[in-house]
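Biologist: Please take one part of this protein and go through it closely. I would like to look at the surroundings of the ligand.

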Amino acid sequence: MSAPHTPGGPRPSEATAPTGTERLASGVAPTIAVAGRAPGGRLAPAAAGPAAPPLAASAPATTLAEPQAAAAAVRPDGARRHARIAVLGASGYTGQEFARLALAHPGLELTVLSSREHAGRPAAELLPGLDPRIHTLPAVTDPAALPGLLEQGAFDTLVCCLPHGAWRALAAEVPALARLPQRIVDLSSDHRDGSGGYVYGLPEAFRAEIADAARVANPGCYPTAAALAMLPAAEHGWIGGPAMVSALSGVSGAGRSPALRTSFVELDGGAAFYRVGVEHAHVAEMERSLARLAGSAVEVAFAPQLAPMARGILLTATLPLASALTPLEVQAAYRERYAGEPFVRMLDPGQWPETRVVRASNRCDLAVTTVHGGRTLVATAALDNLVKGAAGQAVQNLNLMLGWPENWGLPAHGTPW
Ligand SMILES: NC(=O)c1ccc[n+]([C@@H]2O[C@H](COP(=O)([O-])OP(=O)(O)OC[C@H]3O[C@@H](n4cnc5c(N)ncnc54)[C@H](OP(=O)(O)O)[C@@H]3O)[C@@H](O)[C@H]2O)c1
């Protein structure tokens, strides 16, 4: 048993980041306000009330967030600030998703898109889903140009969307690129162990550390779902033995590089397990998070599965409990823990998470129960691997790092059809 984890609160908000009316033309919907923080840094229950109506194109940018959140984002001296972002690996799935979310965010300005394959080509070709009539996209540059652009002040924030190992290798080759940006968020697993001074970017667990960090390692998609599914149990000291995690993933989780295993013919009409046991790289990441939350080591075994869908993670965590608990007891504790979290929704008893209802949102849906006479917890989760599992969580982390409302500019609603 261990004491509940009580992360500290964030630093006071220090900036707002209106850009021009250009961004407003995209019709960004206002977000639900983060209502405030209970002692211990957890968000107080959402007192935000209904979201404001959609914005007119000419509305001032400070109205983009719900009034309370917007007020919190204005510095007392009235100074305005925004982050100028370079995306490394912008042609990949997470890079493209980050670009889409950043363009809809009033505080983030995409100034550099980098890709080896598409360097010199129009950005609209790289990001075919975006409407270049609304945003003037920067030219696509080769990663080799980034140090020079950094020196010229073209960007102050680097978002790395490279395959595992590639950012670490590039940083060793070009140390200035790793040293000079004011902020770096790395979506790969290169620094999720805390190496290089990176803070693990799971806001619901470690938001105070993230708010003070200049380097954040964004969690993996499976580990995000697993940690959120087990976090309250770990914090309460309920975990009485090894955890079994089983999860379905959409194929975009494997990245954009073509491979036989992820080709249409190999996948269509079926689902498959892969790397079952303890060999998947995400096992160590899940164990690290759980150990921090529980205050003692928790063993994890993992059964990942590839499903014939583009996006989504559907996860079940099964845990032996130290003492028996009823379904109502665990449901009440989970509901209380996540009451003020803008991106974690506890479903009502009898409802279970579905990937399609969280698609394109930064939300993770959860439902829990107990079985075996209350001795086993079954926690289920669904999220979009490219949003809450990657690019959306990166924006959530940037909001914290910049002292902005944590949910600023992020979609909470999914698109099931
Ligand atoms: N996909 C997900 O659901 C997900 C979720 C959470 C975390 N992540 C992590 O996020 C990272 C990116 O994932 P992804 O799915 O976006 O991968 P991806 O679709 O394969 O894209 C990665 C991009 O990086 C560029 N790249 C590859 N090797 C490079 C190198 N050595 N140097 C510079 N650029 C290189 C490639 O673009 P160019 O060839 O055009 O340069 C490629 O398009 C990975 O570490 C992944 O594990 C992914």
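Modeller: Here is the ligand site, followed by the two sheets.

This is a predicted model: local features need pLDDT of at least 70, side-chain atom pairs count only at pLDDT 80 or more, and totals for chains, interfaces and linings use all residues. Residues are numbered from 1 along each chain as its sequence is written.

Start with the shell. The ligand is surrounded by 30 residues. A residue counts as near if its C-beta atom, placed from the backbone, lies within 6 Å of the molecule. The closest are Gly 89, Gly 92, Ser 188, Gly 255 and Arg 256. By type, the shell holds 11 nonpolar, 16 polar and 3 charged residues. Here Ala, Val, Leu, Ile, Met, Phe, Trp, Tyr, Cys and Pro are nonpolar, Asp, Glu, Lys and Arg are charged, and the others, Gly among them, are polar.

Which helices help? Helix H3 (93-103), helix H6 (166-173) and helix H14 (387-401) each supply at least two shell residues. H3 gives the largest share, 3 residues. Helices (H or I, at least four residues) and strands (E, at least two) are DSSP runs, numbered from the N terminus.

Now the wider setting. Domain 1 (21-219 + 390-401) and domain 2 (222-385) both give residues to the shell, so the ligand lies between them. The domain bounds come from an automatic or database domain assignment.

Next, the sheets. One is an open sheet of 7 strands with parallel pairing, in the order E3-E2-E1-E4-E5-E7-E6. Two strands pair if DSSP finds at least two bridges between them. Strand E3 (140-141) and strand E6 (199-200) are the edge strands, each pairing on one side only. E6 is joined to strand E7 (residues 215-217) by 2 bridges. Val 199 has Val 216 in E7 as its bridge partner. H14, which also supplies shell residues, packs on this sheet and touches E1, E2, E4, E5 and E7. Touching means contact: C-beta atoms, placed from the backbone, within 7 Å. The direction of H14 makes about 155° with that of E5. Axes are lines fitted to C-alpha atoms, for helices over the stretch in contact, and angles run from 0 to 180 degrees between N-to-C directions.

The other open sheet also has 7 strands, ordered E9-E10-E8-E11-E14-E13-E12, with mixed pairing. Strand E9 (272-273) and strand E12 (344-346) each have a single partner strand, so one side of each is left without a neighbour in the sheet. Helix H11 (residues 282-294) packs on this sheet, touching E8 and E10.

Technical notes: Contact = placed C-beta atoms within 7 Å.
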